[in-house]
Amino acid sequence: MSVSRSWLAAKGISTRKLLEELGLSLSGMSWELDTQEAGITAARLDSGWFIIYFRNHPYQVSDEEILAEASSHAELIVSCFVEEHTMYSQAWGFSGGEQRWTLWHDPSEGREHLEVDGTPPECLPAILRANLEKLQAYHRQNSFDVDTVFSVPIEVCEALSGFSYNMIPELIDPCLTLFPTRRKS
């Protein structure tokens, strides 16, 4: 089944400040990340990263202005959006109050398509190379319906934060449910 997910990972910012910047509030309920069917959940990883995960929820983590502002209070914020049914993926990186980079894969532009704006993280070249090598291996086997470059933005975010939408991390805190509120003025 195809999924549409988005998430962000933040390091070096208090939970309270991050939620305030993003216009989110804690609901006071906790869930297992892999069993919640809808909504927004959050958890802190052992690594210190705070994850906000959007599952089947219209709220998306792609407002560059809001994320840039939130990053002025953080060491680093990365966010990712995945649309499996179209194999579209996009990732952003923010720090010091600015958007530092954006990566996106749009398969309608070709299976090897990857746009890069800004100064991407140092892990990008190795991740891209590995995925292009996988793609070439599939082509040698006459498997032309595979799209490995789709994984590049996802794997960059995972390399930086230790989280990806297709895995359940070990958590320090239980997952907390969140709900949108009015963003600070």
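Rings of Phe, Tyr and Trp (its six-membered ring) are taken to pair if their centres lie within 6.5 Å, with planes under 30 degrees apart counted as stacked, over 60 as edge-to-face and the rest as tilted. The structure is a predicted model, in which local features need pLDDT of at least 70 and side-chain atom pairs count only at pLDDT 80 or more, whereas totals for chains, interfaces and linings use all residues. Residues are numbered from 1 along each chain as its sequence is written, and side-chain values use heavy atoms, with hydrogens and water left out.

A search of the whole structure finds three aromatic pairs. In one of them, tryptophan 7 and phenylalanine 163 meet edge-to-face, at 5.9 Å centre to centre and with 75° between the planes. This pair links distant parts of the chain, 156 residues apart, since tryptophan 7 belongs to strand S1 (residues 4-11) and phenylalanine 163 to the loop between helix H4 (151-161) and strand S9 (175-180); helices (H or I, at least four residues) and strands (E, at least two) are DSSP runs, numbered from the N terminus. Both tryptophan 7 and phenylalanine 163 are buried, where buried means under 20% relative accessible area, exposed over 50% and partly exposed in between (1.4 Å probe, protein chains only). The rings of tyrosine 53 and phenylalanine 163 have centres 5.8 Å apart and planes at 85°, so this pair is edge-to-face. Tyrosine 53 is placed in strand S4 (residues 50-55) and phenylalanine 163 in the loop between H4 and S9, so the pair ties together parts that are 110 residues apart in sequence. Tyrosine 53 and phenylalanine 163 are both buried, and ring pairs link Trp7, Tyr53 and Phe163 into a cluster.

A nonpolar core is a set of buried Ala, Val, Leu, Ile, Met, Phe, Trp, Tyr and Cys residues joined through side-chain atoms within 4.5 Å. The largest such core has 26 residues, of which Trp7 and Tyr165 touch the most other members. Two or more residues are given to this core by each of S1, S4, strand S5 (76-83), strand S7 (98-105), helix H3 (124-140) and H4. Apart from it lies another core, of 21 residues, including Leu18, Leu22, Ile40 and Ile66.

Over the protein chain, the secondary structure comes to four helices and nine strands, and 44% of the 185 residues count as buried. Among contacts (heavy atoms within 4.5 Å) between residues at least 6 apart in sequence, 64% join residues at least 24 apart.
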